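Please read the following report alongside the sequence and the coordinates. It moves from the chain as a whole to its helices, cores and strands.

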Amino acid sequence: MNSELFDSEKKEEEIANTFLKQLLLSKENKTATETQNGGIPTITIKPKPGSCMKTRTDKCEKVFINICHSENVPEPKDLTEDELLKVLESEDPTHFRIPMSIGEPHAELDKSGGGCTVYDVVIHPNFMKKIDKSQLFKTFFLTLMCEGIESKYDILLKRDWIFLKNRKCIGKLAEQQIRTKSKPLIMDMDGTEGYQLPTQQPEKRNLIEEMKQQEQELQKKAPEPSFTIVQEPPEGHPDFLVAEISLPNIKTAQSLTLNVGEDRLMLTTRSHVYYLDIFLPFDLLFDECGAQFDRNCKILTVTMPVKPLAER
């Protein structure tokens, strides 16, 4: 036999054997991984840093949570803020799922050199962008995320969280195994199961109330815009009041929420750019009040008819 032909056949045989070994090894690794995870196939993801949150346990132990993202984690259903509120206020809010992967806790050192516990939580990058833009979705997700960590590791976390300004993560982000086939309801978040709202929540963990409280606290911390209020006529009992509120950082009226009561005006803005809550010296016909936002001069004008003296 020609030596060159023999060498060629031998080389092809070596390549075939190497390929067969790799194929068998891959199958063995896949089987081992599925066995380790209860027969459910998994994939390995490498989380990318997003933001880092600091809080404490009920025992005042310092905890950091790295909120990361990966394309391999499924993206939740795209809802508007109004749709989310309707879900939360519905009789069965448990059907809305937010896929997330909660990794194992790892011990790290904070900037002062003290020990702390760090958790890595991975979500889809598009949902990461959503919670960066919407305070409502952010508060909803953070509350649900804390519920998940508490459920998985049997701890209690305080809700007075703080985000680090100059750090995207604490410690080294570890690879995570996530399931490629999801299971219903709440599971250990090694995989892609979406955390749902619990069907029954203890009073101290009432999600809607927690979100409302967080929202109100954040609103009140927003700066108060400059404003003027004049009455017409300027002397005696007025027929109506006119408020002019300067909102230089607002682009459209869609980001404004205005509430006018009998003797109160309250203005909130999306992303908590401004917050105004004032009481007025006259009773209003609040059902007849109107408002207009001038996008050129960024002035919100609120016209508020006043109740006649005979009707007070």
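## Contacts and overall make-up

In this predicted model, residues 24 or more positions apart account for 62% of the contacts in the protein chain with a separation of 6 or more. The protein chain contains five helices and 17 strands, and 38% of its 312 residues count as buried. Its accessible surface comes to about 18900 Å², and carbon and sulfur atoms make up 49% of that area.

## Two helices with a buried and an exposed side

Helix α3, which spans residues 125–133, has Pro125, Phe127, Met128 and Ile131 among its residues, and these four are buried. They lie on the same side of α3, because the arc they cover around the axis is only 155°. Lys129 and Lys133, on the other side of α3, are exposed. The buried residues of α3 pack against the strands β2 (48–56), β3 (62–69), β4 (97–99) and β7 (115–123), and also against α4 (135–153).

In α2, the buried residues Leu84, Val87 and Leu88 cover an arc of only 95° around the axis, which puts them on the same side of α2. The other side of α2 carries Asp82, Lys86 and Glu89, which are exposed. As background to both helices, an α-helix has 3.6 residues a turn, so residues three or four places apart point the same way.

## The nonpolar cores

The largest nonpolar core has 30 residues, of which Ile65, Phe141, Met145 and Ile149 touch the most other members. The elements that give two or more residues to this core are β3, α2 (81–89), β7, α3 and α4, and the largest share, ten residues, comes from α4. In soluble globular proteins, nonpolar side chains tend to be buried together.

Ile149 can be followed in more detail: leaving aside its neighbours within four places in sequence, Ile149 is in contact with Ile65, Ile102, Tyr119, Val121, Asp154, Ile155 and Leu157. Apart from the largest core lies another core, of 19 residues, which includes Leu256, Tyr274, Ile278 and Leu284.

## Strand β2 and its partners

Strand β2, one of the elements against which the buried residues of α3 pack, pairs with β3 in the antiparallel sense over eight bridges. Within this pairing, Pro49 stands opposite Cys68 in β3. The two strands β2 and β3 form a hairpin with five residues between them, and in its turn Cys60 has a positive phi of about 65°.

Strand β2 is also joined by two bridges to β8 (residues 162–163), and these two strands run antiparallel. Here Lys54 has Ile162 in β8 as its bridge partner.

## A four-stranded open sheet

Which strands make up the open sheet of four, and in what order do they stand? The order is β11-β12-β17-β16, and the pairing is antiparallel. The edge strands of this sheet are β11 (227–232) and β16 (290–294), each of which pairs on one side only. From one strand to the next, the twist averages 15°.

At one edge of this sheet, β11 pairs with β12 (residues 240–246) in the antiparallel sense over six bridges. Phe227 has Ile245 in β12 as its bridge partner. In general, strands of a sheet pair through backbone hydrogen bonds, either parallel or antiparallel.

Terms used: Residues numbered from 1 in each chain as written. Predicted model: local features only at pLDDT ≥ 70, side-chain atom pairs only at ≥ 80, totals over all residues. Heavy atoms only, no water. Buried < 20%, exposed > 50% of the residue type's maximum accessible area, 1.4 Å probe, protein only. Contact = heavy atoms within 4.5 Å. Areas by Shrake-Rupley, 256 points an atom, 1.4 Å probe, with all protein chains shown as cover. Arc of directions from axis to C-beta. Pairing = 2+ DSSP bridges. Core = buried A, V, L, I, M, F, W, Y, C linked by side-chain atoms within 4.5 Å. Axes fitted to C-alpha atoms, helices over the stretch in contact; angles between N-to-C directions.
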